[in-house]
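Please take the sequence and the model side by side, and follow the chain from one feature to the next as the paragraphs below describe them.

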Amino acid sequence: MLLRDFELSRITPEHLKVNRPVPWPIYDEFGKLLMARGALLRSERQKEILARVGLFAKDAEETPASPVPQPLRFRRRVNPFAEFDELCLKLEEAFELIDQETPPPVGLVQKRIYDIIVTLQGLRDYDADALLGAVHLSDQFAYPIHHPMQIAVLAELILERLQAPQEVRLAVMAACLTCNVAMNPYQQRLHQQKSPLNAQQRKVINRHPEQGVQKLQQAGVTDDLWLEIIAQHHEKLDGSGYPRALKGDQIRREARVVALADVYSAMVTPRPYRSPIKHKDSLREIFIRRGSQFDEKLTLLFLNELGVYPPGVYVRLNNGELAVVIGRTSDPKAPLVASVRKADGDLFLSPRRRNTASRQFAIKSVCPVNERMRVNPATLWGIDALRITQVMPDLSSIADLI
């Protein structure tokens with residue numbers, strides 16, 4: 001059984017009695033089993049050692065089985081960045097299953113996608129800032145994989161703030177992960193294309209929501225909400241979207257959530273014909289289009305959730321240091337950052353955490369792509385990602401920050 005199935009706690013002397021069996025399995029901090037449940041504790045010396053280095057694993061309380069898959073609960077230390085990459089691989093496998101000539105067994109695609117979703121939700125509970133950092137920093141996978149993973153995470157953050165029911169979250173995130181499934185055979189080629197789209201390519205793009213629905217139905221997906229969100233995820237409130245030019249209340253709120261995340265992800269992703277739009281400029285553009293193309297209340301909530309400087313963004317500080325945002329705070333203009341390069345260009349031996357509320361370490365600017373450097377994101381957050389008590393600012397203030 002994996003350690004994530006246990007609640008781990010530090011051993012104290014009163015937990016143990018010499019010449020009595022230990023009541024739980026006991027592990028060291030790396031997960032190595034030191035004593036099995038029921039093993040006899042033979043001496044005071046053994047008790048002293050276990051009290052100093054041991055963790056006991058008490059079985060998690062049983063909860064009633066739910067027909068709706070629930071967020072995974074991690075009971076061990078995890079690396080959100082490695083977990084995110086593993087989920088990208090699982091999404092690739094799910095796409096292969098959808099694309100195979102022989103339809104997979106009914107329910108298999110849905111199960112594979114839900115497994116990805118509940119793990120993403122578990123990572124959001126474990127450390128939302130590190131997960132956002134993975135979204136912005138991960139570059140190991142092609143656009144057809146990274147883009148849907150990115151919008152799924154962004155959508156989940158909005159849904160969490162809305163306290164949406166789990167059934168709705170599953171449908172929305174499943175739609176995020178599969179909304180471009182009909183484009184997968186040629187999406188990477190279009191993503192790399194430097195010339196404008198021709199008429200035939202535009203026609204293909206305009207049809208991909210409906211074709212995606214058909215493809216998923218053929219693969220055994222029967223969730224009506226999941227499919228309807230895909231059909232509507234490119235519609236705009238003012239009727240300028242596609243494929244049906246829906247307006248206003250004709251568009252489901254869940255599809256509006258996906259549209260916000262989709263547009264932001266597309267803006268901050270580099271293309272061969274342009275550099276990525278700076279995160280702050282992307283947020284400003286979305287803010288300007290609120291009420292016309294995007295739902296106004298959802299837009300404000302989305303902007304407020306990300307903050308002006310989302311985790312994973314490279315910034316230049318007042319003292320000249322190059323840093324990466326690693327945590328949101330109650331002040332959207334003053335996130336926690338980890339400096340990686342000194343003002344003179346030398347690297348720090350290990351990242352230095354800075355409080356940007358201090359004038360010396362305040363953020364001066366967001367860095368262009370060519371100023372970024374390759375760094376292991378786990379070293380920025382540390383093995384145990386720093387927790388921040390998040391007190392989000394009033395939504396009304398966001399207009400003054402963009």
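Does Ala-245 count as buried, partly exposed or exposed? With a relative accessibility of 39%, Ala-245 counts as partly exposed, and the residue sits in the loop between helix 8 and helix 9. The model is a predicted one, and all that follows should be read with that in mind. Ala-245 also has a positive phi of about 55°, although it is not a glycine. Most residues other than glycine have a negative phi, and most peptide bonds are trans.

The loop that holds Ala-245 is also the place of Pro-243, between helix 8 (224-232) and helix 9 (253-268). Here the peptide bond that joins Tyr-242 and Pro-243 is cis, with an omega of about 10°. A positive phi is found in another loop as well, at Gln-163, where the value is near 55° in a residue that is not glycine. Gln-163 lies in the loop between helix 4 (143-162) and helix 5 (166-178), and its relative accessibility of 56% makes it count as exposed.

From these loops one can step back to the whole chain, which contains 12 helices and nine strands. Of its 402 residues, 51% count as buried. Among the contacts in the chain with a separation of 6 or more, 66% are accounted for by residues 24 or more positions apart.

Helix 9, which follows the loop with the cis bond before Pro-243, has 16 residues and reaches 23 Å from its first C-alpha to its last, close to the 22 Å expected at 1.5 Å a residue. Because 15 of the 16 residues of helix 9 are buried, this helix is largely enclosed by the rest of the structure.

The interior can be followed through its nonpolar cores. The largest nonpolar core has 91 residues, and those that touch the most other members are Phe-84, Ile-113, Leu-120, Met-149, Trp-226 and Phe-302. Helix 3, which covers residues 108-137, gives the most to this core, with 15 residues. A second, separate core has 11 residues, including Val-308, Tyr-309, Leu-317 and Val-366. To see the surroundings of one member of the largest core, look at Trp-226: leaving aside residues up to four places away in sequence, Trp-226 touches Gln-110, Ile-113, Tyr-114, Ala-171, Ala-174, Ala-175, Thr-178, Leu-216 and Val-221.

The next part to trace is an open sheet of five strands, in the order 8-7-6-5-9, with antiparallel pairing. Its edge strands are strand 8 and strand 9 (363-366), each of which pairs on one side only. Neighbouring strands of this sheet are turned by 40° against each other on average, with direction ignored. Strands of a sheet pair through backbone hydrogen bonds, either parallel or antiparallel.

Within this sheet, strand 7 (residues 336-341) has five of its six residues buried, and it is therefore largely enclosed by the rest of the structure. Strand 7 is joined by five bridges to strand 6 (residues 322-327), and the two run antiparallel; one pair to look for is Gly-327 with its bridge partner Leu-336 in strand 7. Another five bridges join strand 7 to strand 8 (residues 347-355), again running antiparallel, and here Ser-339 stands opposite Arg-352 in strand 8. Strand 7 and strand 8 form a hairpin with five residues between them, and in the turn Gly-345 has a positive phi of about 100°.

Towards the other edge of the sheet, strand 5 (residues 314-317) and strand 9 pair in the antiparallel sense over three bridges. Leu-317 stands opposite Ile-363 in strand 9, and Leu-317 is also one of the residues in the second core, as is Val-366.

A last point concerns the cysteines, for which the count of disulfides comes to zero. The sulfur of Cys-176 is 6.4 Å from the closest cysteine sulfur, which belongs to Cys-179, and this is too far for a bond. Cys-176 counts as buried because its relative accessibility is 0%, and Cys-367, at 3% relative accessibility, counts as buried too.

Note on methods
Residues numbered from 1 in each chain as written. Predicted model: local features only at pLDDT ≥ 70, side-chain atom pairs only at ≥ 80, totals over all residues. Heavy atoms only, no water. Helix = DSSP H or I, 4+ residues; strand = E, 2+ residues; numbered from the N terminus. Buried < 20%, exposed > 50% of the residue type's maximum accessible area, 1.4 Å probe, protein only. Core = buried A, V, L, I, M, F, W, Y, C linked by side-chain atoms within 4.5 Å. Contact = heavy atoms within 4.5 Å. Expected span 1.5 Å × (residues − 1). Pairing = 2+ DSSP bridges. Axes fitted to C-alpha atoms, helices over the stretch in contact; angles between N-to-C directions. Disulfide = S-S within 2.5 Å.
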